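I opened a notebook page for this chain and wrote down each thing as I looked it up. The entries are short and follow the order of my reading.

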Amino acid sequence: MADSSPLPSMRGTVTQDVFLTSPDSRAESGDDPDFGIRVRNAVAWRWGTQVLAQIITWTSTFAVVRLLEPSDYGLFAMTHVMLNALAFLNGYSFATSLIQADHIDQRRTGQVFALLLIMNTCLAIAQFLLAPVAADYYGQPQVEAMLKVQAVIFLTTPFIALPSALLSRQIQFKNQGLVNLLCAAVGAGTALALAWLGYGVWALVYAPIAMFTVKALGLTISARLLVWPVFDFRGAGDIISFGGALTLCQLFWIVQSQSDILIAGRAFDVHDLGLYAEALFVTLIITARFLPPINEVAFPAYAELHKKGKPLAAPFLRTARTVILVTAPLYVGLALTADAAILTLFGPKWTEMAPIAAGLALAMPFFALQIVCSPATNAIGRPRIYVASSIAGAVLFPCAFLWGISAGPMGLVHAWWVAAPGLLVTTLVLTLPAINVRFGDLVAQLIPAMVGCAVMAATVSGAKFLTAGLFAPVELLCLAAIGGATYAGTLWLVWPTVIRETWAMLRQRSAVPDSDTSRTGAIS
């Protein structure tokens, strides 16, 4: 089930917000002494249930991938391009405007509901009609039938986006997390059962349909959505303005995130395309699976702080530090152990994917840090910054992919090496001044992770000479243990405060940093 979600969340905008766990979180939250507690509980529920959901999903994924062929994933990736190309108009951005708004009522909620219904009905019809065009473009007749069936997904979107926004506005993520857990079980069961029964690529088509249907029902019930659509849009200018800006960003994001498959779809055969698409899925697991739940908490939390006139610099720095502390060692570790990891998890027929996954993993820490930025600038009411960085990504990535396509899948990997750091630099130049963060302060937050990863990489590279020839799962287990111990040990010896603060965050109790640390984000 190579990324069962056909919506942009496959490479979606991500951030992590564990910033309201330091002692002066209460001061930052203004008059609400329970704000930090609410955010921590939201993070715990949303992220915790996401972890459980991913355990279920991965168990199914690694079973399904052994039953299907790389060509099945290549076909599925082709349909994702059109799904994502249309999904930028699905109206999620208009629902998001309810989170940022100071006040909402039944009329405004009904107007958003009406927008969602209109846009997604049109999208379902458009995809059904455009399916033959996509099939002709790729030269794969089966793509037409797949896209026509997948059009049903758009009809579930209004009943997901609106209740999700209403729950998020109140920073209530317990029910959302439980619904997502149920969706994961339904999707995993559907994919595994259909793959086992010999349905081939259709297992990947029907699983997300089942997931989105269950999610729509679950969220609608959880939010007690009792609102009728209001098709009179007078007075909805602010909703359309804010949502329109984010929709424009989504358009550029689609260009950035889907251009590789669009370009490679005609240059590669379905086997090579499947290898690249699944390698990308593996490397995006962290950013596209674990960080989005915390992003869903971050945006309303940032917005509430901004409404109370509180600065975002310190929380942003803590967010950036935590994201890199978590993602960087995982990606460096994957790059070092890709051969053993792919053989262990996917089986012998996927071994060609190992160097692709290893190369992509090296670009992902830049990618993870870049996507931390947009929730902060959107929360302060400056979506134009997000628009500008999205335009940069929509230019950088397609140009890089066009440059690298002649070298095959590894050429696309090299394109990631150029485009991801380039987009990060562009985004930081636009974002840091807006939230009053100095570049030097940000670098100071990243040093522990960088040093820890460097020591870990040297140690694991040396250990590979000793583990060569071992059974792949045993080699993977040994290298992972050595790398994890080295990374954690380095941080504990040199930056013990970082370890204590992070552990306190995970346990949902306040860390005890120096006062300077809590106010400036500097590492003691």
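Is Cys-478 buried, partly exposed or exposed? I looked it up in the model, which is a predicted one. Cys-478 counts as partly exposed, because its relative accessibility is 31% and the class called partly exposed runs between 20% and 50%. I then checked Cys-399, which is also partly exposed, with a relative accessible area of 48%.

**Entry: disulfides.** With cysteines on the page, I looked for disulfides. A disulfide is a covalent bond that joins the sulfur atoms of two cysteines. My count for this model is 0 disulfides, since a pair of cysteine sulfur atoms has to lie within 2.5 Å to be counted.

**Entry: the whole chain.** I noted 22 helices and 0 strands in the protein chain. The chain has 524 residues, and 59% of them count as buried. I also looked at contacts between residues at least 6 apart in sequence, and 86% of these join residues at least 24 apart.

**Entry: the cores.** Which residues have the most contacts inside the largest nonpolar core? I wrote down Tyr-276, Trp-350, Met-353, Leu-360, Phe-401 and Trp-416, in a core of 93 residues. I followed Tyr-276 further, leaving out its neighbours within four places in sequence, and found contacts that include Asp-260, Ile-261, Ile-356 and Pro-409. Leu-360, Phe-401 and Trp-416 are also among the residues that Tyr-276 contacts. Apart from this core lies another one of 41 residues, and Phe-299, Ala-368, Leu-424 and Ala-434 are among its members. As a general note, nonpolar side chains in soluble globular proteins tend to be buried together.

**Entry: the largest pocket.** I put its volume at about 930 Å³. The lining of the largest pocket has 35 residues, and Ile-286, Pro-329, Leu-330, Tyr-331 and Leu-334 lie nearest the centre. Which helix gives the largest share of the lining? It is α14, with 13 residues. Other helices that each supply at least two lining residues include α2 (35-67), α12 (270-283) and α19 (439-467). I sorted the lining by class and got 29 nonpolar, 6 polar and no charged residues.

**Entry: Leu-330.** I picked Leu-330 from the residues nearest the pocket centre. Leu-330 is in helix α14, and α14 spans residues 313-346. Leu-330 counts as partly exposed, because its relative accessibility is 44%. Between the C-alpha atoms of Leu-330 and Thr-283 I found 9.6 Å, although the two are 47 residues apart along the chain.

**Entry: Gly-484.** Gly-484 is in helix α20, which is another contributor to the pocket lining. Gly-484 is partly exposed, with a relative accessible area of 38%. Its C-alpha atom is 9.9 Å from that of Gly-452, and 32 residues separate the two along the chain.

**Entry: two buried helix residues.** Ala-203 belongs to helix α10 (residues 202-222). Why is Ala-203 classed as buried? Its relative accessible area is 0%, and buried means under 20%. Beyond four places in sequence, Ala-203 touches Ala-191, Leu-194 and Ala-195. I also noted Leu-192, which is 11 residues from Ala-203 in sequence and 7.4 Å from it, C-alpha to C-alpha. Ser-164 is in helix α8 (residues 158-169). Ser-164 is buried too, with a relative accessible area of 15%. Its contacts, leaving out residues up to four places away in sequence, are Gln-176 and Leu-219.

**Entry: two loop residues.** Arg-382 is in the loop between α16 (373-379) and α17 (383-404). Arg-382 counts as partly exposed at 42% relative accessibility. Not counting residues up to four places away, Arg-382 touches Thr-377 and Ala-434, and Ala-434 is one of the residues of the 41-residue core. The C-alpha atoms of Arg-382 and Thr-431 are 9.9 Å apart, with their positions 49 residues apart along the chain.

Where is Asn-436 placed? Asn-436 is in the loop between α18 (409-431) and α19. Asn-436 counts as exposed, because its relative accessibility is 67% and the cut-off for exposed is over 50%. I wrote down its phi as well, which is near 60° and so positive in a residue other than glycine. Most residues other than glycine have a negative phi.

Note on methods: Residues are numbered from 1 along each chain as its sequence is written. This is a predicted model: local features need pLDDT of at least 70, side-chain atom pairs count only at pLDDT 80 or more; totals for chains, interfaces and linings use all residues. Side-chain values use heavy atoms; hydrogens and water are left out. Buried means under 20% relative accessible area, exposed over 50%, partly exposed in between (1.4 Å probe, protein chains only). Helices (H or I, at least four residues) and strands (E, at least two) are DSSP runs, numbered from the N terminus. Contact means heavy atoms within 4.5 Å. A nonpolar core is a set of buried Ala, Val, Leu, Ile, Met, Phe, Trp, Tyr and Cys residues joined through side-chain atoms within 4.5 Å. On a 1 Å grid over the protein atoms alone, a cavity is a set of points where a 1.4 Å probe fits but cannot get out, and a pocket is an open set with protein on both sides within 12 Å along at least five of seven lines; lining residues have an atom within 4 Å of a point. Grid points are joined across faces, edges and corners, and a volume is the space filled by probe spheres set on the points. Ala, Val, Leu, Ile, Met, Phe, Trp, Tyr, Cys and Pro count as nonpolar, Asp, Glu, Lys and Arg as charged, and the others, Gly among them, as polar.
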